[in-house]
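Please look over the sequence and the model shown here before reading the report that follows.

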Amino acid sequence: MPALRPGQGVRVSVDAFPGETFTGQVSRIGSAADPAARSLAFEALVPNADHRIRPGFFGHGEVVVSRDERALAVPRAALTSYAGVTKLFLIEDGVAREREVKLGVDLGDGWVEIAEGVSQGKQVATSGLSKLANGTQVVVRTDVPPGA
């Protein structure tokens, strides 16, 4: 609760528009928090000039209360999870190396923080994960435009 202040950025996703994010700002903060439920009421102003967000819509909001420029993030597409274990593949000397990681916060827009397991500057596989195994030889292509 002490980290929440008016003016902080808010990201809102609405169930009616999956995959879209609307941004706004915290405008007011309630005076009573419920520690047992880990909840606090607040209001946010989210521009809605095209009137797409309607009364009665269900959605989810995120407030960024701090930023750490040293945080390491990877695309969510780089991660695989099985039986509660999250892994990714590092590419080292043309070979895929499976690495267990601990996740930090969901950063939105398809990115997630890596709290443990990978150091900055490493190359991470983001596609073809179902074809990879620990020790698989890979060819890194740099001539493919993003989104191709």
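## Surface and model

Accessible areas are obtained with the Shrake-Rupley method and a 1.4 Å probe. On that basis the accessible surface of the chain comes to about 10600 Å², and carbon and sulfur atoms account for 52% of this surface. The coordinates belong to a predicted model, and the values in this report are to be read with that in mind.

Of the 148 residues in the chain, 20% count as buried. The chain carries 16 positive and 17 negative charges, and the mean positions of these two sets are 1 Å apart.

## Fold and dimensions

The chain has 10 strands and zero helices, so that reading along the sequence gives the pattern β-β-β-β-β-β-β-β-β-β. Among contacts between residues at least 6 apart in sequence, 53% join residues that are at least 24 apart.

A compact globule of 148 residues would have a radius of gyration near 15 Å, whereas the chain has 19 Å. Taken along the principal axes, the box filled by the C-alpha atoms is roughly 55 × 35 × 30 Å.

## Arg11, a charged residue in strand β1

Is Arg11, which is placed in strand β1 (residues 9–14), buried or exposed? Arg11 counts as buried because its relative accessibility is 18%, and the cut-off for that class is under 20%.

Leaving aside residues up to four places away in sequence, Arg11 touches Thr21, Phe22 and Thr23, then His60, Gly61, Glu62 and Val64, and also Asp106, Leu107 and Gly108.

## The loop between β3 and β4

Ile53 and His51 are both found in the loop between β3 and β4. Ile53 is partly exposed, with a relative accessible area of 23%, and its contacts, not counting residues up to four places away in sequence, are with Val14, Phe22, Val46 and Asn48. The C-alpha atoms of Ile53 and Ala16 are separated by 8.5 Å, although these residues are 37 apart along the chain.

His51, by contrast, is exposed, with a relative accessible area of 56%.

## Positive phi values

Most residues other than glycine have a negative phi. His51 has a positive phi near 60° and is a residue other than glycine. Ala83, which is not a glycine either, has a positive phi of about 55°.

Where does Ala83 lie? Ala83 is in the loop between β6 (80–82) and β7 (85–92), and at 69% relative accessibility Ala83 counts as exposed.

Conventions:
Residues are numbered from 1 along each chain as its sequence is written. This is a predicted model: local features need pLDDT of at least 70, side-chain atom pairs count only at pLDDT 80 or more; totals for chains, interfaces and linings use all residues. Side-chain values use heavy atoms; hydrogens and water are left out. Helices (H or I, at least four residues) and strands (E, at least two) are DSSP runs, numbered from the N terminus. The radius of gyration is taken over C-alpha atoms; the globule rule is 2.2 Å times the number of residues to the power 0.38. Buried means under 20% relative accessible area, exposed over 50%, partly exposed in between (1.4 Å probe, protein chains only). Contact means heavy atoms within 4.5 Å. Lys and Arg count as positive and Asp and Glu as negative; His and the chain ends are not counted. The place of a charge is taken as NZ of Lys, CZ of Arg, CG of Asp or CD of Glu.
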